[in-house]
Amino acid sequence: MELFTLCNLHVLLQLELRGVLLEEGTDAAADPAFLLEVLEINESLAETRSQDEVSTIGRSVREKLKDLTERMNSSLIKGDLLTAKELLAQMKYFTNIEEKRQGDRIKVCACWS
């Protein structure tokens, strides 16, 4: 399931048409606190012991995605393209985590079984 929706792709296209490009790979300008948060979530996901833990992480990530989407939409309405770009980049990180979580739903860390 592709979580980076058509709406997000539309936003990405709008930004690119206005000369605001979203870089592929690691964002060197990303906030270190944000990157640490993403790292900690990924570590938590890798160390899950139960489906309940996986579900809890999923709920948290979906809430973050919802908040980022609302903030990105607000930025676009205001014409603040650079903020929209930063938020869209953050959304890509959390979308990646959610895709991993969905793939790992049935593979709860075997070392804890």
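Leaving out neighbours within four places in sequence, I57 is in contact with I41, S44, L45, T48 and R101 in this predicted model. I57 itself is found in helix α3. With a relative accessible area of 12%, I57 falls under the 20% cut-off and so counts as buried. One of its contact partners, L45, sits twelve residues away along the chain, and the C-alpha atoms of I57 and L45 are separated by 7.1 Å.

It helps to look next at the helix that carries I57. Helix α3 has 28 residues. From its first C-alpha to its last, α3 reaches 41 Å, close to the 40 Å expected at 1.5 Å a residue. Along α3, I57 is joined by V54, G58, V61, L65, L68, M72 and S75 as buried residues. In general, an α-helix has 3.6 residues a turn, so residues three or four places apart point the same way.

S75, another residue of helix α3, has a relative accessibility of 8% and therefore counts as buried. Residues up to four places away in sequence aside, S75 touches D80, T83, A84 and L87. Just after α3, G79 takes a positive phi of about 80°.

Two of the buried α3 residues, V61 and M72, reappear in the largest nonpolar core. This core has 16 residues, of which V38, I41, V61, M72, M91, F94 and I97 touch the most other members. Two or more residues each are given to the core by α2 (32-46), α3 (51-78) and α4 (81-104). Helix α4 provides the largest share, with seven residues. I41, one of these well-connected members, is also among the contacts of I57.

Helix α2 also holds L39. Because its relative accessible area is 45%, between the 20% and 50% cut-offs, L39 is partly exposed. L39 and Y93 are 54 residues apart along the chain, and their C-alpha atoms are separated by 10.0 Å.

A word on confidence completes the picture. The mean pLDDT of the chain is 77, and 65% of its residues reach 70 or more. Over residues 106-113, pLDDT stays under 50. For that stretch, the model has eleven contacts beyond four places in sequence.

Key. Residues are numbered from 1 along each chain as its sequence is written. This is a predicted model: local features need pLDDT of at least 70, side-chain atom pairs count only at pLDDT 80 or more; totals for chains, interfaces and linings use all residues. Side-chain values use heavy atoms; hydrogens and water are left out. A nonpolar core is a set of buried Ala, Val, Leu, Ile, Met, Phe, Trp, Tyr and Cys residues joined through side-chain atoms within 4.5 Å. Buried means under 20% relative accessible area, exposed over 50%, partly exposed in between (1.4 Å probe, protein chains only). Helices (H or I, at least four residues) and strands (E, at least two) are DSSP runs, numbered from the N terminus. Contact means heavy atoms within 4.5 Å. The expected span of a helix is 1.5 Å times one less than its number of residues. pLDDT is the predictor's confidence in each residue, from 0 to 100.
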